[in-house]
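I opened my notebook today to look up a few things in a structure. Here is what I wrote down as I went along.

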Amino acid sequence: MNHDFEAVIGLEVHVQLATRSKIFSSAKARLESGESVANEVPNINTTPIDAGHPGTLPVLNRKAMEYAIKTGLATQCKVNLTNQFARKHYFYPDLPKGYQISQFTQPICEHGFIDIETSEGSSKRIGITRIHMEEDAGKSTHHQGHTLVNLNRAGIPLVEVVSEPDMRSPQEAVAYLRKLYSIVTFIGVCDGNMQEGNFRCDANVSIRKKGDMKLGTRTEIKNVNSFRFVEKAIDYEIQRQIQTVLSGGSIVQETRLYDSDKNQTIAMRTKEEADDYRYFPDPDLPPLIIEPALVQSLANELPELPSVKKIRFEKEFGLNAEDAGLLTSSRKLCDFFEESVGKLTELNVSAQNGAKTIANLINGEWNRLLAETNIKIEESKIRPIHFAGIAQFVLGQTISATAAKQVVAKIFAEGADDSFNALEKVIESLGLKQVNDAAALEAAIAKVLEANPKQVGEYLSGKEKVIGFLVGQAMKAMGGRANPALLQQLMQEKLKLIKPN
Amino acid sequence: MKYQTISEIHKAFQEGNETPLTLTQSYLEKIKASNHNAYITVCEDRALKQAETLSHELKEKYKGHVPLKEFPLFGIPMGQKDVFTIEGVRTTCASRMLENYLPPYTSTVVKRLENAGAITLGKLNMDEFAMGSSSENSAYGPVLHPTHLDRVPGGSSGGSGTAVAADLCFAATGTDTGGSIRLPASFCGVVGFKPTYGRVSRYGLIAFASSLDQAGPLTHSVEDSARILDVIAGEDEMDCTSSNLEKPNWWAELQQRKAESNLKGFRVGVPEEYFVDGIDSEVRSAIEKSIESFRNQGAVVVPVSLPHTKYAVSTYYLVAVSEASSNLSRFDGIKFGVRPESASNAKTPQEYYKKVRTLFGEEVKRRIVLGTFALSTGYYDAYYQKACQARRLMRQDFENAFQQVDVIVSPVSPTTAFKLGEKSKNPLQMYLTDIFTIPASLAGLPSMSVPVGNDSGGLSIGLHIIGNRFNESAVFRAGFWAEKLRGSV
């Protein structure tokens with residue numbers, strides 16, 4: 001990045017709330033499978049209210065309001081006990097009423113923040129200007145010569161979380177998004193399926209000379225649907241703006257889309273005039289008055305937030321920041337981990353010891369398998385009880401930590417019942433049972449030492465690193481099943497006993 | 001006219017002189033023979049089916065005793081203003097836009113009426129999307145006055161007014177946003193009631209101005225007005241602007257009024273700002289006589305002031321049109337309604353919308369443009385916002401006045417029914433017809449029109465009675481007495 005310029009980034013995130021019904025009608029807002037209702041037979045998931053039939057009226061789904069309040073509480077916002085819905089007008093085929101019910105001058109929450117970790121490791125506070133409730137629009141698909149409109153999605157409850165323009169790099173933007181994502185999935189207000197459109201991000205990007213207080217003209221990058229693409233899109237846009245200014249041009253306020261194939265942002269066809277949304281308070285929805293007691297009880301319902309959990313995992317289980325961070329990045333993952341650790345006590349294994357092993361297996365092997373096979377956490381055949389059992393075996397030296405990965409993979413593929421015997425069977429079937437018997441190890445070591453006089457000589461003349469080779473040979477001879485620590489220890493002892501010639 | 005009240009009809013049922021079926025059939029005959037253009041759609045098959053079922057039940061199930069408790073409107077043939085949705089029944093709002101529209105659901109008002117035993121004869125003609133004061137703005141031809149066929153019945157519920165007055169239904173529903181029940185009631189010589197805003201559900205009432213629209217009955221008598229309001233009023237979970245306040249049984253209250261011998265202590269307010277030049281002298285005289293008759297019964301007549309009255313019409317024509325421009329945004333030919341062939345060939349969305357939305361009539365277009373302007377950036381504060389503030393002041397005027405009086409009375413309109421075409425060329429002239437009814441609408445107050453006399457041309461004159469919020473009881477009481485004392489002075 002050109003050191004004369006700094007980037008100023010603000011993010012608007014539309015979070016689809018995981019309520020059972022839509023925000024103003026009784027139609028379904030989500031399917032049990034987690035798939036979007038947009039995928040059902042087009043227009044089957046609508047009531048006359050969602051299709052904007054004349055004479056219909058909106059009635060607020062209180063759960064949506066509660067989820068909006070929870071989102072505000074979890075991001076340190078002030079909840080406005082009196083707030084108001086407003087109509088935002090524009091004509092488009094997938095906006096059935098010709099206006100979207102949203103909030104304008106009186107949003108439900110304001111003035112919060114999210115703390116992120118910068119790349120330097122320090123903490124930075126990103127302000128949240130406001131959070132407001134609104135309804136989702138339908139979906140248009142464009143074909144040759146015609147457009148199809150599907151209203152299944154119209155009316156799904158959204159909260160729009162608007163940040164202050166506090167971010168200064170694509171990395172900070174992504175850190176903020178990941179944090180916000182973990183918060184809303186953690187507190188259970190959002191399912192977090194980005195492919196289904198549960199969490200949609202628009203980025204406002206501008207540049208200015210370092211030290212300048214005035215904001216530059218900004219462009220809006222719309223609908224980037226993955227964290228990776230957000231980072232790339234913002235990065236590209238910053239560079240583009242800098243290049244434009246450096247070559248004497250000026251930035252046009254416009255909406256741009258990100259093309260992930262070309263890794264570019266592209267201007268949408270500019271409209272002749274900006275939309276005038278003609279906001280006014282929706283006369284069909286009286287001012288929303290929220291009881292302080294309700295806010296309090298919702299606050300009490302909030303679970304431990306991811307940032308708090310992360311610190312606790314580091315302290316209680318001795319996990320490193322990276323591992324703890326990975327585990328707390330999603331509610332499902334975190335719940336799975338905590339359930340696994342919980343099972344350890346059932347097996348009389350100390351949580352402190354076993355948690356680290358479990359964390360490694362979850363973040364490593366299992367995470368890889370999930371990504372490869374595209375299977376969801378709840379569909380995984382390997383369950384918390386298995387992880388606890390495997391950790392127990394590792395801690396008891398029955399299998400090595402490395403071998404444990406193979407066990408995970410096997411149960412992931414085929415499943416296993418959750419008894420001790422079942423796990424043992426898997427271990428045996430893979431031939432992974434660790435050999436802890438010193439005599440057997442010593443026998444293998446003796447053979448290896450005899451077969452590799454050159455390396456022994458090197459070791460004895462001071463080249464200590466060569467022990468790695470010798471241990472490796474012995475492990476190979478043992479079919480990979482030797483207890484690594486014991487093998488290492490015995491090898492060292494044996495080598496000490498050899499008198500130099 | 002055979003029957004004066006619902007009670008008389010039920011008596012005829014009990015005595016076996018009439019059945020729901022014979023009554024409905026006779027109305028359908030009259031409708032066929034009429035040239036008032038009061039109906040846009042006649043629901044002959046549906047009505048006959050309803051009537052047959054009720055006749056059968058009356059005989060077999062109820063052994064000739066009308067089950068009044070469960071079905072207070074048993075067998076009563078009604079017309080429904082074509083602004084109320086009925087599932088599967090063409091509902092047009094008198095517009096080309098909805099020429100072919102079959103709603104997928106029934107409005108709460110019609111549902112409650114039919115659940116109470118009422119029979120729907122058909123959908124009544126009106127000003128398009130309830131925008132008008134004469135029922136000349138209909139895409140299906142104007143409605144004619146019940147007796148003077150060269151005159152307007154008033155609007156926007158003109159079909160309702162004419163149908164009741166010309167005995168083309170026994171009672172009707174209307175809607176009132178700035179006077180659209182009260183004005184046709186006055187012009188046609190029937191009783192028209194607009195409840196407090198929030199008393200009656202708006203679910204299924206195709207919206208003109210959301211903060212003003214209210215449904216109400218048009219009937220021959222005040223007691224039937226109360227009877228119908230008893231059925232339709234009450235909280236609806238489908239409408240969060242509907243009130244959950246307890247409602248009295250207004251018809252029962254009126255039965256008690258029949259026993260009272262005078263109006264001693266009843267305070268009747270006369271607003272000085274309403275009795276200005278421009279009121280037709282015969283209208284003024286009839287209203288004054290009515291007020292005098294109250295005084296003769298012991299009522300106290302109190303002059304009151306409603307100082308912000310002069311802002312009422314402009315306030316209304318900002319608030320109402322702004323909400324209307326918004327409510328009518330949904331008419332785009334995409335999900336329902338008419339989509340002209342030419343629209344399907346449009347090259348851009350803008351072109352498409354132009355081709356569809358040109359189906360609106362002149363007055364509707366006028367109000368949409370006005371409303372869009374009033375809400376737009378740069379004008380919102382000076383127009384819409386200002387109007388909302390003025391509205392609050394007018395509400396305050398009424399609240400102050402009601403400290404001293406129980407009801408406020410005035411003419412409904414400066415004149416009796418005018419001629420077809422007389423005001424339709426001049427929108428502003430037309431808007432001034434509502435000058436007395438608008439303030440009560442802005443303040444959300446219950447009000448009614450009761451016929452108290454005729455002018456020398458035989459045209460009816462209505463007394464306008466306004467009550468405090470949720471005090472329909474006082475309005476009904478005054479209306480009952482006005483009806484009783486008609487002609488006594």
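Is Q100(A) buried or exposed? I kept in mind that this is a predicted model. I looked up the relative accessible area of Q100(A) and found 8%. Buried means under 20%, so Q100(A) counts as buried.

Next I checked where Q100(A) sits in chain A. I found Q100(A) in strand β5, which covers residues 99-102.

Then I listed the company that Q100(A) keeps. Setting aside neighbours within four places in sequence, I noted contacts with A86(A), R87(A) and K88(A), and also with L95(A), E134(A) and E135(A). With E134(A) there is a polar contact, side chain to side chain, at 3.4 Å.

After that I turned to chain B as a whole. I noted 17 helices and eleven strands in chain B. A box of roughly 70 × 60 × 45 Å, taken along the principal axes, holds the C-alpha atoms of chain B.

Which radius of gyration does chain B have? I found 22 Å, which agrees with the value near 23 Å that a compact globule of 489 residues would have.

I also looked at burial and contacts. In chain B, 63% of the 489 residues are buried. Of the chain B contacts with a separation of 6 or more, 75% join residues 24 or more positions apart.

My last entries were on surface and charge. The accessible surface of chain B is about 17500 Å², and carbon and sulfur atoms hold 50% of that surface. I noted 52 positive and 53 negative charges in chain B, with mean positions 2 Å apart.

Terms used:
Residues are numbered from 1 along each chain as its sequence is written. Chains are lettered from A and ligands numbered from 1 in the order in which they are written. This is a predicted model: local features need pLDDT of at least 70, side-chain atom pairs count only at pLDDT 80 or more; totals for chains, interfaces and linings use all residues. Side-chain values use heavy atoms; hydrogens and water are left out. Helices (H or I, at least four residues) and strands (E, at least two) are DSSP runs, numbered from the N terminus. The radius of gyration is taken over C-alpha atoms; the globule rule is 2.2 Å times the number of residues to the power 0.38. Buried means under 20% relative accessible area, exposed over 50%, partly exposed in between (1.4 Å probe, protein chains only). Contact means heavy atoms within 4.5 Å. Accessible areas come from the Shrake-Rupley method with a 1.4 Å probe; for residues, only the protein chains shown count as cover. Lys and Arg count as positive and Asp and Glu as negative; His and the chain ends are not counted. The place of a charge is taken as NZ of Lys, CZ of Arg, CG of Asp or CD of Glu. A polar contact is a pair of N or O atoms within 3.5 Å; within protein, one must be able to donate a hydrogen and the other to accept it, and residues adjacent in sequence count only if both atoms are side-chain atoms.
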